[in-house]
Amino acid sequence: MSSARHFIDVFRGYRVPHLAIIPNRRRWFITSGVLVAICLLSLFTKELTLSLEFEGGALLKYPNQSGVAVGDVQGTLAKYGRGDAEVQIVDGTDVSIRTSSLTDLGDRRTPLLSELAQQAGIQTDEINTTDVGPTWGKQISSKALQGLVIFLVLVSLYIAFRFEWKMAIAAMVALFHDIIITIGVYSLTGREVTPATVIALLTILGYSLYDTVVIFDKVQENTASTSLVARESYAGVVNMSLNQTLMRSVNTSLVVLLPILSLLLFGGDTLKNFAFALFVGVASGTFSSVFVAAPVLVTLKEREPKYRALRERRKAKAAAEKAGKAPARGEMDEDVARELEAAGVIKRQAAAASSSSEPKEKQQGGRGSGGSKNKKKSAKQRRRR
Amino acid sequence: MKPIRPLVVSLVVVGLLVVTVIVGWFAFDIKPVLGLDLEGGIQVVLQAPDGTPDDVMDRALINIRQRVDALGVGEPSLSVVNNQVLVQLPSLARGTVEKQGDQWCVISGDGKNLGCEAKEEDAKALLQQTGQDRLIELIGTTARLEQREVLGTIDESSPDWDKKEWAVTCPDAADKLKPECQFDALGDQEVVFLGAQPTPDAPEVRYKLGPAEVTGDMIKKAQAVLLTADQSSGSTPGWRVNFELTAEGSDKFAALTERLSPQQNGGVGKELAIVVDQKVISAPTVQDKIVGSGEITLGGTDAVAERETKDLATQLNAGALPVQLEQQSIETVSATLGRESLDQGLIAGLVGLLALALYLLFYYRLLGIVTWFGMAIWAILAIGMVSFAGVLFGYALTLAGVAGLIVSLGITTDSYIVFYERLKDDVRSGKTPRTAVQPSFRKAWHTIVAADTVTILAAAVLYLVAVSSVRGFALTLGMATLLDMFVVYFFKRPTVFLIARSSKLTNLPGMGLSTGVAADHLIDEGSER
């Protein structure tokens, strides 16, 4: 009951969640690392299936005696696994089909052609087949890639200038994570890569960075307060920022994913393909902003001498506290002390249990009912103010 | 608290914009131009000589793509089939048909009158025709520029007119496909070409020309400019193409103009012919040695001259086609997506939006409804922008574009979420909803601008660098994001501020602003104690 209540309170926003995301960052690095490794492995061992827009294929042209509609022709092609073929009626009198090479169909080539001929009310030999080159030529890809590289350089400069360069690196790491995962999923599932996939990938790119920047903006705002950083350490402040923006992340991903999910479930063939890439990418983008970009940032920042010194001091203090000689807390704000403890406990345990990971596990459920009482109290106290 | 007036004014402005788009749609038929996949378009088949190598065909394709892209962002589909290039483009009816007096007039995208007809259908056909003619002219012509010395000219009155030495080299369209008429073959020969005729019934003039000395591939950059009468200082006013030459071109051009200059020819300069596609466009007399750049005067100041000049500049920038192409056929092509798949997409989109709307209502209560309105306003203005982009630079909405807009809608909703969650944050730290709105908006706005800048940066770079459909995508993305910031600032900000002023709306039980930002719980607990 109490944990359900707690969940609802967090969901509604009556209280800030206290999830230990940053303290457990090694776990998230391993999770992402494994996912990326699987995707890369698949990309290296299995080639992506490129659609006819990239590869070229066959162009079929024949008179349309029976006045067959685009949808009907597509239906017939779909039966032979060519649902992605591009069908057009030319000048109202001819059917034109672009599809990947028909020789791949083997034995089923002839039945397909005769079915198409029958549908259009003509003889099979009236179907004129020629090879057609790609419509999405190498030039489009190379120009898009060129644009991408320029964009990545500019956006890194922008983030470095607007925030700081370590955030730029963290955002780029998250971005590559998302791109590798999305392409990897295409490789793993053997789905066909179409121009729509490429456009979707570009959308993901924008979304991933957008989502990361929203979180970094909060991190920057919170770390601007030196007293807060001194109290909580850089990692603690980032963790706090993530918790503060958690419901935003949840709601935004829901809001973006709902229409995409709907397209994925109910949209036609072409849209499904597009929605699939978007779904994977947006899901990955939301995940990476919280669980990749922010942890990478912390790892980079904690290397800085000033934060390392701070961490050492806090460790020493925590050790002293653990030894039972707790410093007088009287004059300290109760609220601050609670928060310090929340972050401190984690540090303390991590330091004490560097050889065995067992005690750390206990601490991972930030929502656990044990700690919840204290936190609830402090939240109420804050509200009363 | 801020004065109420500016808030109301900004809401009124947003309202007026929405009304404008709706009126434009229903009263003036300003709708988005639909792309090839949704509505079909035309297909032009261009034929190269038999046995043209594949790499030459590929270069021709790249060149044509560059020319088409300069025309707008209508997402063409180009492909090579043996020795043919297939060019498919969405509807070319760029511009509008307007009623002027008792006539229907065709107004081009940049506001020029292209002619009037008595019937509306005829005017629409004219609109389609002008677009089509221009396109075929632009993509099909080789646009090979040559500069040759003029060795002599004659017109019909000359007794030598019928002599063999004055016969025009490769006179017919069919000759284009002969190997001996290709530019490379004629480049170092003396030729006889026709002069361009200012009007169809003007007398024909033939030029005997020396070998080509400077060619179009030596042009670094070409630009169409209009020279007004007072700027022209002696030379003919009107449209002209100014071009800059590469280092190689500059040397050759300097040598050529020096050789033809008055200083080298006893005080009288010789004529230099500017030849485009085997036709002498102009033959000015050289006054002095010229280094680095030059110009091609086409003359005329009207819309036709402007279009011709701009298209020539586009062609020179894209470079000459590596092979001469002959237009084989123009056909209309249907949409590649059947009606059903489009309907399916629309239904799916609506279902998704409905789910989204319900969630927002459930989570943010009154603020959720504000978000509905914000999204609706965004969507209407986005349609307006897409329509406008269609009229202005031929932007055609494809299925990918539609799906992109749906994602952008999600991202624009995020701007609301960022703000509301900020409000919650501030309420949790002790502020009342009333006092929190303004500082929260300031902080949220900061975040939104930072995040949107990244997206706009992506859109701008891709638009400038990429080609074809990627450019179309970049345009949608950029427009959608700018629109997001606009709606956030001029609709969401005043609306939420106004709601916060009214204690009735703020404290509406279960629905109000306080519930939306989870402040009600706090108030309840406070009163309990």
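Begin by selecting strands β2 (residues 41–47) and β16 (residues 326–333) of chain B in this predicted model, where the two strands pair in the antiparallel sense over 7 bridges. Within this pairing, pick out B:V44 and look across to β16(B), where B:I330 stands opposite.

Keep β2(B) on screen and add strand β4 (residues 84–90) of chain B, which runs antiparallel to β2(B) and is joined to it by 7 bridges. B:V44 is again a useful marker, since its bridge partner in β4(B) is B:V87. Now show what surrounds β2(B): 5 of its 7 residues are buried, so the strand is largely enclosed by the rest of the structure.

Next, colour chain B by its domains, of which domain 1 covers 4–32 and 336–528, domain 2 covers 41–141 and 329–333, and domain 3 covers 145–302. If you place a marker at the centre of domain 1 of chain B and another at the centre of domain 3 of chain B, taken over C-alpha atoms, the two centres are separated by 57 Å.

From there, move to strands β11, β12 and β15 of chain B, which form an open sheet of 3 strands in the order β11-β12-β15, with antiparallel pairing. Strands β11 and β15 of chain B stand at the edges with a single partner strand each, so one side of each is left without a neighbour in the sheet. Turn the view to compare the strand directions, and you will find that neighbouring strands of this sheet are turned by 25° against each other on average, direction ignored.

To follow the sheet pair by pair, select β11 (residues 219–227) and β12 (residues 238–245) of chain B, which pair in the antiparallel sense over 8 bridges; here B:A222 stands opposite B:F243 in β12(B). Then select β15 (residues 293–297) of chain B, which pairs with β12(B) in the antiparallel sense over 5 bridges. Two residue pairs can be labelled along this second pairing: B:N242 has B:E295 in β15(B) as its bridge partner, and B:R240 has B:T297 in β15(B).

With the sheet still displayed, add helix α8 (residues 303–318) of chain B, which lies across β11 and β12 of chain B and runs at about 10° to β12(B).

Now zoom out until the whole of chain B is in view, with its 16 helices and 17 strands. The C-alpha atoms of chain B fill a box of roughly 115 × 50 × 50 Å, taken along the principal axes, and the radius of gyration of chain B is 31 Å, whereas a compact globule of 529 residues would have one near 24 Å. Buried residues make up 45% of the 529 residues in chain B.

Finally, bring chain A into view and select the contact between the chains, which takes 71 residues from chain A and 73 residues from chain B. On the side of chain A that touches chain B, the elements giving two or more residues include α4 (70–79), β3 (86–90), α8 (195–223) and α10 (246–266) of chain A. Select α10(A) in particular, as the largest share of this side, 14 residues, comes from that helix. If you colour the side of chain A that touches chain B by residue class, it shows 40 nonpolar, 21 polar and 10 charged residues.

Key. Residues numbered from 1 in each chain as written. Chains lettered and ligands numbered in written order. Predicted model: local features only at pLDDT ≥ 70, side-chain atom pairs only at ≥ 80, totals over all residues. Pairing = 2+ DSSP bridges. Helix = DSSP H or I, 4+ residues; strand = E, 2+ residues; numbered from the N terminus. Buried ≥ 20, exposed ≤ 12 C-beta atoms within 10 Å, placed from the backbone. Domains from an automatic or database assignment. Contact = placed C-beta atoms within 7 Å. Nonpolar A, V, L, I, M, F, W, Y, C, P; charged D, E, K, R; others polar. Axes fitted to C-alpha atoms, helices over the stretch in contact; angles between N-to-C directions. Rg over C-alpha atoms; globule rule 2.2 N^0.38 Å.
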